[in-house]
Protein chains: 2
Amino acid sequence: MMKRTLARELPEFEGREVTVSGWVHRIRELGAISFVLLRDRSGILQLVYEGKVEYSLESVIQVTGTVGANPKAPGGFEVQAGESSVLAPAAPDLPFQINQDADNTGIESVLDNRMISIRNPKILDIFRLQSSVIRYFQEYMRSQDFTEIKTSKLIGSGTEGGTGLFEVAYFDTSVYLAQSPQFYKQAMVASGLERVFEVGAAYRAEKHDTPRHLNEYVSLDVELAFIEDEHDLMDIESEILKAIFRGIRENEAAILEKYGATVPDDEAVNNIPRITHDEAKKIISMRGGKKVFEINPEGERLICEWAQEEHSVPAVFITVFPRKKRPFYTYPDGLKTRSFDLIFRGLEITTGGRRINEYEMMKETLPKFGMTEEGLGGYIDIFKYGCPPHGGFAIGLERITQKILGLSNVKEASLFPRDRKRIVP
Amino acid sequence: MMKRTLARELPEFEGREVTVSGWVHRIRELGAISFVLLRDRSGILQLVYEGKVEYSLESVIQVTGTVGANPKAPGGFEVQAGESSVLAPAAPDLPFQINQDADNTGIESVLDNRMISIRNPKILDIFRLQSSVIRYFQEYMRSQDFTEIKTSKLIGSGTEGGTGLFEVAYFDTSVYLAQSPQFYKQAMVASGLERVFEVGAAYRAEKHDTPRHLNEYVSLDVELAFIEDEHDLMDIESEILKAIFRGIRENEAAILEKYGATVPDDEAVNNIPRITHDEAKKIISMRGGKKVFEINPEGERLICEWAQEEHSVPAVFITVFPRKKRPFYTYPDGLKTRSFDLIFRGLEITTGGRRINEYEMMKETLPKFGMTEEGLGGYIDIFKYGCPPHGGFAIGLERITQKILGLSNVKEASLFPRDRKRIVP
């Protein structure tokens, strides 16, 4: 590897010679001296040059020099630049400002120039934080004896009933991109693993183009057996949220601060109310001043506002959804189901519930939803041969990232988002 | 959650009453007593009943009883069964033997009945081990300051030149399933993250149906900047392998033992020879007794045999591939390239190399490979605006799992494998 000291390591090298490398972030001339801010993966450091420098912004350079203290420099130290070389020059016509606040830049410009706009440190921080969300999710799941699974994203038919699927030409036939690993995570619960999780892509061929939808997203999926009811699932999700929020609060404080964001503490997560779908509609109707029959985005916003006021947490578990609003595999309870959504800061970030685990019940259910055993490729066998009571849920990675940081559009939280019109880069 | 003690916890409860639950794995009647082996996620425990029991195999039951020591029982303890109930009965016509050694069962039968065959403990252990491979990979990458990324699997064109792609109908147009996250991981290296990894699906629309190919697999992708040359990459891969092997040796010893498998220790990994493609062909020609012009599967077997004899490790890094054998983005060195493969136990588990990072070189290269800047959706901008020297590689998750355990077919190491004919379950 190239000999190299990172920006964050400078304090350890005061008075000593180091070699640093990174991207030219900003240049400022002050009389006979030039200051170059150099960006590397750990942060930004200041280089001090005698006279003018000729670098173009974003060029990758390597510089040897001596570390000195300077309270005005980022991190309190700077490097008196000696031997310098350009490892990779940058063309001068940058299509996106890397070293400026991009808060007022439209999302179309950010995404059209994604290959370059991603260099903007504040934009890049979204994905550093997202990486941590994945990490704390996985670490918590593993600590609770969950096994990570990787299941096929090419399936013969849809889990939600066949709508909203992308078709893939597969040799002499067709398959579809999976909307969720639903059948597979149930199979793996019944396999004896009992507790599984998956971090994987999910696809929805829906034509909406809204700030809350992606056609391809990352799903943090959880499924576990030997539950009593759906409240066990909400308990587990609460523990997951605490673990993610705790990890981020402790290790990504600088990013939260940059975004002016906070995450709920353990007590707040414990306070998340659990109300029925009917109760939620009533509360929304009251606060919105007109009777609602569906919970739309405005309703999700109102119900979180209510939760913040009444329970000091901007999140609500909505339970007891009507059967006709849930997929066929949801455990029924008369005309209702043992299912839930989690709404966080005005956005649904989770759908989950107990699943049908009884063979006879599954056999009765399929025709009611227009489905056949044969069409589900072995799915029915999971139940025929002994499947314990179980359930699960999924957290949308981009949505939770968006809501942690307060981003206005979920596409900002997807590295290379796909929507109806966007397929590059 | 249901009140419950796991099989592995029995020793802590000697003389006390517990409630256990799981799958009926085996039933043995011995005069007036019946022994039921009960399987849960932690292992197998023995239940002792007075008289006959009527359970069908694989039924899920819940049993309360008292724990007693019995040196002949699995784990040294058993439960005198009291109150018992069936949580989910299993039909008696099991399509696959769960409680027998499946070593002599054909892979077609295993995969055709995947929803049920996966319950066989030895088969399921493949995926417990695979989960650990992912875990130790991620933990090592994170310890080395790599950021986990999640990139789109729907792309406008192929990274390897447009062949072997699955086409997806995407609203009014077409996209393809990504063969690798190549362009995206390069973009994220150049973004300033410098060091990235991804665990994600990769697709190859190749018609081969061999024991070493999958049309959908999980790729453990690594890419990093500020390397000197491709040897830095092989160094990193060696450290990754040590971390994975160490984690497995320490925490999955029981699975290794069940498969009669071992993994190379640190010293062995350090010993992995690095030989050129030309040298490899010479060694293979000598050992095979005939001159070879390509390294085929038999050649990969022979070269690992050589490495075992000469370097006490069944693995070889093959370097300096000819340019015509590598994708366009590989860093050239005359007619050769700064690239490598890792062959482990007779199977290529990694392809990697330094990448072209210089804008002018990239512009000259594209037309030689019949490609255009416009066709690559912003890819060229990565290099136009300052991209450090970098490279990377990918480890096939199913292949390394296969070779760790000594499985004869890579499909055994994929939960729901996809090949030309197999699209269910």
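This report describes the interface of chain B and chain A and two strand assemblies of chain B in a predicted model.

Local features need pLDDT of at least 70 and side-chain atom pairs count only at pLDDT 80 or more, whereas totals for chains, interfaces and linings use all residues. Residues are numbered from 1 along each chain as its sequence is written, chains are lettered from A in the order in which they are written, and side-chain values use heavy atoms, with hydrogens and water left out.

**Interface**

Chain A and chain B each contribute 101 residues to the contact, defined by heavy atoms within 4.5 Å. About 8,400 Å² is buried between the two chains, with 63% of it on carbon and sulfur atoms; buried area is the accessible area (1.4 Å probe) that two parts lose on being put together, summed over both. On the chain B side, the residues that lose the most area to chain A are B:Met1, B:Phe226 and B:Tyr385, together 10% of what that side buries.

Ten salt bridges are found across this interface, each requiring a side-chain nitrogen of Lys or Arg within 4 Å of a carboxyl oxygen of Asp or Glu. Among them, the side chains of B:Glu194 and A:Arg41 meet at 3.0 Å, N to O.

**Open sheet of chain B**

Helices (H or I, at least four residues) and strands (E, at least two) are DSSP runs, numbered from the N terminus, and two strands pair if DSSP finds at least two bridges between them. Eight strands of chain B form an open sheet with mixed pairing, in the order β6-β10-β11-β18-β17-β16-β13-β12. Its edge strands, β6 and β12, each pair on one side only. Two helices of chain B lie against this sheet, as tabulated; angles run from 0 to 180 degrees between N-to-C directions of axes fitted to C-alpha atoms, for helices over the stretch in contact.

| Helix (chain B) | Strands touched or crossed (chain B) | Angle |
|---|---|---|
| α4, residues 182–193 | β6, β10, β11, β18 | about 30 degrees to β11(B) |
| α8, residues 277–288 | β12, β13 | about 90 degrees with β12(B) |

Strand β6(B) pairs with β10(B) (residues 195–203) in the parallel sense over two bridges; B:Glu148 has B:Phe197 as its bridge partner in β10(B).

**Barrel of chain B**

Five strands of chain B close into a barrel in the order β1-β2-β3-β5-β4, again with mixed pairing. Neighbouring strands of this sheet are turned by 55 degrees against each other on average, direction ignored. Strands β3(B) (residues 43–50) and β5(B) (residues 77–88) pair in the parallel sense over three bridges, and B:Gln46 has B:Glu78 as its bridge partner in β5(B).
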